[in-house]
Amino acid sequence: MAYTQCSQINAGINARCDTSMGGIIEVAIANYEPGIFTLSTDNVSASVEGTVKWYGFRFRKGTSSMNSTLNIDDANGVNYVSTELTMIFGKMDTAKRLAIAGLAAGEVVAVVKDANGKYWALGYDEPVTASAGEGVTGTARGDGNHYSITLLDNSTSFPYEVSNGAAVFDAIQEA
């Protein structure tokens, strides 16, 4: 009996000289609409015209992150990627509380700018939704006083790079 693969490897990775910085810089979020992202060969472009309104979420450096995990279920022949976007916003106040509440209740898409200047799409396959959050006052003076929210994207692949990420951030609606 001949062995048949569903897909095949078609490239290698030479990362010996690559440098990288951890962390994310900022995030642009829009309400979910089908077709916001358009897939090309190896990346996506995001809609910046029409009814799509992007909102900026900025935070102190070293506080927020994006983490993608490949989940494999051999018994069912399924694999998918769960990406968690965790954002922490210092100093609790009403405006932040309202923004967090909106994210917690909504279905969104996001473009994440990382510390290497790359832009990543969340919400290509299905809407991104909140999976956790908290408001913390801290105890001692040096403790953090902040809100945090974790948004979850389940996708068939790791996040796609966004070819027009800078244009998305140029289109952000300011509060």
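Let's start with Leu-70, which sits in strand β5, the run covering residues 65-73. Please keep in mind that this is a predicted model. How accessible is Leu-70? Its relative accessibility is 42%, so Leu-70 counts as partly exposed, because that class lies between the 20% limit for buried and the 50% limit for exposed. Leu-70 also has company: together with Ile-72 and Phe-158, Leu-70 makes a nonpolar surface patch of about 300 Å².

Staying with β5 for a moment, let's look at its partner. Strands β5 and β6 pair in the antiparallel sense, over nine bridges. If you'd like one of these to find on the screen, take Ser-65, whose bridge partner in β6 is Thr-86. The hairpin of β5 and β6 has four residues between the strands, and there Gly-77 takes a positive phi near 70°. As a general reminder, side chains in a regular strand alternate between the two faces of the sheet.

Now for the aromatics. How many aromatic pairs are there? The count comes to five. Take Phe-37 and Trp-54: their ring centres are 6.5 Å apart and their planes stand at 50°, so this pair is tilted, given that tilted covers the angles between stacked, under 30 degrees, and edge-to-face, over 60. The Phe-37 and Trp-54 pair links distant parts of the chain, with Phe-37 in strand β2 (residues 37-39), Trp-54 in strand β4 (residues 54-58), and 17 residues from one to the other. Phe-37 and Trp-54 are both buried.

Phe-57 and Phe-89 form another tilted aromatic pair, at 6.2 Å centre to centre with 55° between the planes. This pair, too, links distant parts of the chain: Phe-57 belongs to β4 and Phe-89 to β6 (residues 78-90), 32 residues apart. Are these two buried or exposed? Phe-57 has a relative accessibility of 13%, so Phe-57 counts as buried. Phe-89 is buried as well, with a relative accessible area of 8%. Add Phe-59, and you have one aromatic cluster of Phe-57, Phe-59 and Phe-89.

Phe-89 brings me to my last stop, since Phe-89 is among the residues that His-146 touches. Where is His-146? You'll find His-146 in strand β10, residues 146-155. His-146 has a relative accessible area of 16%, so His-146 is buried. Leaving aside residues up to four places away in sequence, the contacts of His-146 are Ile-88, Phe-89, Gly-90, Lys-91 and Met-92, along with Glu-134, Gly-135 and Val-136.

Thanks, everyone, and I'm happy to take questions.

Note on methods
Residues are numbered from 1 along each chain as its sequence is written. This is a predicted model: local features need pLDDT of at least 70, side-chain atom pairs count only at pLDDT 80 or more; totals for chains, interfaces and linings use all residues. Side-chain values use heavy atoms; hydrogens and water are left out. Patches are made of residues with over 30% relative accessible area and no salt bridge: like charges are joined within 9 Å, nonpolar side chains (Val, Leu, Ile, Met, Phe, Trp, Tyr) within 5 Å. Accessible areas come from the Shrake-Rupley method with a 1.4 Å probe; for residues, only the protein chains shown count as cover. A salt bridge is a side-chain nitrogen of Lys or Arg within 4 Å of a carboxyl oxygen of Asp or Glu. Helices (H or I, at least four residues) and strands (E, at least two) are DSSP runs, numbered from the N terminus. Buried means under 20% relative accessible area, exposed over 50%, partly exposed in between (1.4 Å probe, protein chains only). Contact means heavy atoms within 4.5 Å. Rings of Phe, Tyr and Trp (its six-membered ring) pair if their centres lie within 6.5 Å; planes under 30 degrees apart count as stacked, over 60 as edge-to-face and the rest as tilted. Two strands pair if DSSP finds at least two bridges between them.
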